[in-house]
Amino acid sequence: MRVGIAGCTGRMGQALLREVLAAGDCMVAAGSERPGHAAIGTDVGAAIGRTLGVAIVADPEALVSAADVVIDFTAPEASVALAAACARRQRIHVVGTTGLKPNHEEAIRQASARTAIVQAANFSIGVNVLLQVTRQVAALLPDAFDIEIVEMHHRHKVDAPSGTALALGRAAAAGRQVDLAAVADRGRDGITGARKPGHIGFAVLRGGAVVGDHTVVFASDSERLELTHRAQDRSLFAAGAVRAARWARGKPPGLYGMDDVLGFRR
Ligand code: NAD
């Protein structure tokens with residue numbers, strides 16, 4: 001499988017380089033960076049101390065044309081451009097970028113009419129199990145339990161709450177058969193008044209090198225249930241993304257999720 005890695009010098013880009021190079025059935029066919037990045041034209045493997053004989057490109061079309069599958073953990077606008085380029089050339093697109101706005105999501109959905117796209121806010125198996133469990137627990141517990149989602153990430157993360165925290169919020173809301181947008185409290189500050197019944201609250205911590213911690217809290221007057229996932233290493237997400245790429249080979253056009261890849265029933 002010829003893999004193109006978008007954002008190949010980034011934190012996830014480097015984890016993906018290591019994962020793809022270690023996989024017997026994959027090769028790094030291309031790597032890209034944002035236009036103007038100092039690494040354009042240098043070797044794709046340089047960020048991890050390897051020489052692969054392939055130069056980093058800025059043009060998404062050049063990345064896509066060299067690859068069977070593009071793995072993309074970059075930024076929302078970049079992911080939209082890559083989805084369109086993958087659609088034009090019928091290449092598989094694996095998207096891990098978070099912080100997408102509704103217009104970005106819609107553009108990716110439209111591109112998925114022409115090619116297979118696997119999109120997930122989190123490519124770890126543990127978080128995808130947590131999403132299922134959160135939905136079930138929210139459905140089982142009475143509405144008297146308040147739901148709060150706490151996440152912590154490293155100091156460089158640019159979007160908040162994390163895509164995974166929002167996915168956990170959607171899972172809890174689905175369990176309660178409500179729309180997250182109608183009940184989400186995404187930031188409390190000052191005299192907020194008492195907690196609104198039925199709302200789902202988010203709390204965000206940023207610091208150090210934390211790869212990604214998420215806890216879903218269900219709190220009643222007399223007891224508290226907490227579900228926690230801690231990511232130890234980015235290689236976890238890279239391995240999940242490569243697994244998604246393998247799974248998507250030969251699939252018809254469509255927008256798939258990690259639950260499809262893992263064989264969970266929707
Ligand atoms: P990072 O800033 O270290 O890396 C992003 C890279 O993308 C950078 O090197 C940047 O220059 C590059 N980039 C930006 N615009 C580009 C463009 N137009 N073309 C090519 N490259 C471009 O960030 P990171 O920690 O690696 O995270 C990247 C994204 O992945 C974030 O949205 C993050 O939340 C998400 N993420 C998702 C998962 C998951 O499992 N889905 C896991 C970890 C991180």
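**Loop features and ligand surroundings in a predicted model**

Proline 161 is located in the loop that runs between strand 6 (146-153) and helix 6 (163-175). The structure described here is a predicted model. The peptide bond joining alanine 160 to proline 161 is cis, with omega at about -10 degrees. A second backbone feature concerns glutamine 90, a residue other than glycine whose phi is positive, near 55 degrees. Glutamine 90 is placed in the loop between helix 3 and strand 4 (92-95). In general, most peptide bonds are trans, and most residues other than glycine have a negative phi.

Aromatic side chains were also examined. Two aromatic pairs are present in the structure. One of them is formed by phenylalanine 73 and phenylalanine 123, with a centre-to-centre distance of 5.6 Å. The planes of these two rings are 50 degrees apart, and the pair is classed as tilted. Phenylalanine 73 belongs to the loop between strand 3 (69-72) and helix 3 (76-89), whereas phenylalanine 123 belongs to the loop between strand 5 (116-119) and helix 5 (125-140); the pair therefore ties together parts of the protein that are 50 residues apart in sequence.

The ligand occupies the second largest pocket. It is surrounded by 22 residues, of which Arg11, Met12, Glu33, Thr98 and Lys157 come nearest. Classified by residue type, this shell comprises seven nonpolar, 10 polar and five charged residues.

Backbone atoms of the protein take part in contacts with the ligand. For methionine 12, a backbone N or O atom lies 2.8 Å from an oxygen atom of the ligand. Nitrogen atoms of the ligand are approached in two further cases: a backbone N or O atom of glycine 96 lies 3.1 Å from a ligand nitrogen, and one of arginine 34 lies 3.3 Å from a ligand nitrogen. On its own, the ligand has 860 Å² of accessible area, and the protein covers 81% of that area.

Conventions: Residues are numbered from 1 along each chain as its sequence is written. This is a predicted model: local features need pLDDT of at least 70, side-chain atom pairs count only at pLDDT 80 or more; totals for chains, interfaces and linings use all residues. Side-chain values use heavy atoms; hydrogens and water are left out. A residue is near a molecule or strand if one of its heavy atoms lies within 4 Å of it. A polar contact is a pair of N or O atoms within 3.5 Å; within protein, one must be able to donate a hydrogen and the other to accept it, and residues adjacent in sequence count only if both atoms are side-chain atoms. Accessible areas come from the Shrake-Rupley method with a 1.4 Å probe; for residues, only the protein chains shown count as cover. On a 1 Å grid over the protein atoms alone, a cavity is a set of points where a 1.4 Å probe fits but cannot get out, and a pocket is an open set with protein on both sides within 12 Å along at least five of seven lines; lining residues have an atom within 4 Å of a point. A molecule sits in a cavity or pocket if more than half of its atoms lie within 2 Å of its grid points. Ala, Val, Leu, Ile, Met, Phe, Trp, Tyr, Cys and Pro count as nonpolar, Asp, Glu, Lys and Arg as charged, and the others, Gly among them, as polar. Rings of Phe, Tyr and Trp (its six-membered ring) pair if their centres lie within 6.5 Å; planes under 30 degrees apart count as stacked, over 60 as edge-to-face and the rest as tilted. Helices (H or I, at least four residues) and strands (E, at least two) are DSSP runs, numbered from the N terminus.
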